[in-house]
Structure formats: structure tokens, C-alpha cells
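Colleague: Before I plan anything around this protein, I would like to hear the reasoning behind the terms used for it. Could we go through them one by one?

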Amino acid sequence: EEYKEPQHLTDLHASVRSADMYHPMMPNDYLAYRQRKENELLQANLEKQAQKTLEMQRKLREQIEEERRKALDSGDAKKIIESRLTTPVENTMISGIGRGRGRGLSNLPAWLVKKQQEENQ
């Protein structure tokens with residue numbers, strides 16, 4: 001007697017498309033899922049780094065604006081230059097001294113350098 005497959009199994013086999021069949025050389029859903037999760041994690045890290053950079057830039061901008069206000073109010077640019085040179089590098093985030101940018105170079109704003117040059121002349 002010949003084996004006859006039950007109808008529910010025949011229907012199940014008919015419902016499987018050739019695109020859904022297992023192929024050992026093609027990546028499966030788990031690999032695609034892991035890749036997607038890895039990309040999401042990378043994207044989140046990049047966004048976090050971008051937010052951190054924007055916050056640092058905002059703080060730097062505020063510091064420069066405050067220094068400009070102080071310079072205009074006091075008219076003494078030498079105080080600002082000295083305060084920048086004595087402030088630790090971690091706090092200013094902009095000091096170029098000892099950071100490999102050249103000997104004797106400072107990272108002062110152009111308006112402050114110009115004012116300093118005018119005072120020296």
C-alpha cells in the first residue's frame with residue numbers, strides 16, 4: 001500500500017513559497033536582525049556623540065560671549081588673556097598650549113589677538 005500524505009500537510013507544503021524555503025548559503029532572519037540591531041546601536045552612539053559635541057560647542061560659544069562682554073565692559077584684554085592662560089586645559093576646551101599645535105601659539109579669538117596687537121603698538 002502506498003503512503004498518502006494527509007491533507008493538512010499537503011496544504012502546508014503548498015503554502016510554502018520557494019522564496020521562503022531554507023537555503024544554507026543565504027543569511028537567515030536572525031543575521032538580518034543582529035545586523036539591524038548593530039546598526040541601531042551605532043546610530044544611537046553617533047547621535048549621542050553629536051549631542052555631546054553640540055553641547056560642548058554651545059558652552060564654548062557662551063564662554064566666548066561672556067569673555068567679549070567682560071572685555072568690552074572692562075576694556076582690559078590682558079586680564080582675559082591671562083585668565084585663559086592660567087585656566088586648566090580641561091575646563092577651557094580651547095587652549096592650544098601643550099596640545100601639539102606649535103610652539104608659542106595660542107588659540108585666542110581673532111578679535112582678542114587684534115586688540116592685543118593694537119595695545120602693544
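**Reasons behind the terms**

Modeller: Let me begin with contacts: among those in the protein with a separation of 6 or more, 51% are between residues 24 or more positions apart. Please keep in mind that this is a predicted model.

Colleague: What is the make-up of the protein in helices and strands?

Modeller: The protein has five helices and zero strands, and from the N terminus on its elements run α-α-α-α-α. Of its 121 residues, 12% count as buried.

Colleague: How do you know that the span of H2 agrees with its number of residues?

Modeller: Helix H2 covers residues 29–74. The expected span is 1.5 Å times one less than the number of residues, so the 46 residues of H2 should span 68 Å, and the end C-alpha atoms are 67 Å apart, which agrees.

Colleague: Why is Tyr30 called exposed?

Modeller: A residue is exposed when its relative accessible area is over 50%; Tyr30 has 53%, and therefore counts as exposed. Tyr30 lies in helix H2 and forms a nonpolar surface patch with Leu31 and Tyr33, the accessible area together being about 330 Å².

Colleague: Which residues of H2 are buried?

Modeller: They are Ile64, Glu67 and Ala71, and the word buried requires a relative accessible area under 20%.

Colleague: What makes the pair Glu55 and Arg58 a salt bridge?

Modeller: The cut-off asks for a side-chain nitrogen of Lys or Arg within 4 Å of a carboxyl oxygen of Asp or Glu; the closest N and O atoms of Glu55 and Arg58 are 2.2 Å apart, and the pair therefore qualifies. Both residues lie in helix H2, three residues apart, about one turn of the helix. An α-helix has 3.6 residues a turn, so residues three or four places apart point the same way. Glu55, Arg58 and Glu62 are also linked in a network of salt bridges.

Colleague: Why is Glu55 called partly exposed?

Modeller: Partly exposed lies between the limits of 20% and 50%, and Glu55, at 32% relative accessibility, therefore falls in that class. Arg58, with a relative accessible area of 34%, is partly exposed too.

Colleague: Which residues form salt bridges with Arg69?

Modeller: Glu65 meets Arg69 in a salt bridge at 4.0 Å, N to O, while Glu66 forms one with Arg69 in which the closest N and O atoms are 2.5 Å apart. Glu65 and Arg69 are four residues apart in helix H2, whereas Glu66 and Arg69 are three residues apart there. A search of the whole structure finds five salt bridges.

Notes
Residues are numbered from 1 along each chain as its sequence is written. This is a predicted model: local features need pLDDT of at least 70, side-chain atom pairs count only at pLDDT 80 or more; totals for chains, interfaces and linings use all residues. Side-chain values use heavy atoms; hydrogens and water are left out. Patches are made of residues with over 30% relative accessible area and no salt bridge: like charges are joined within 9 Å, nonpolar side chains (Val, Leu, Ile, Met, Phe, Trp, Tyr) within 5 Å. Accessible areas come from the Shrake-Rupley method with a 1.4 Å probe; for residues, only the protein chains shown count as cover. Helices (H or I, at least four residues) and strands (E, at least two) are DSSP runs, numbered from the N terminus. Buried means under 20% relative accessible area, exposed over 50%, partly exposed in between (1.4 Å probe, protein chains only). Contact means heavy atoms within 4.5 Å.
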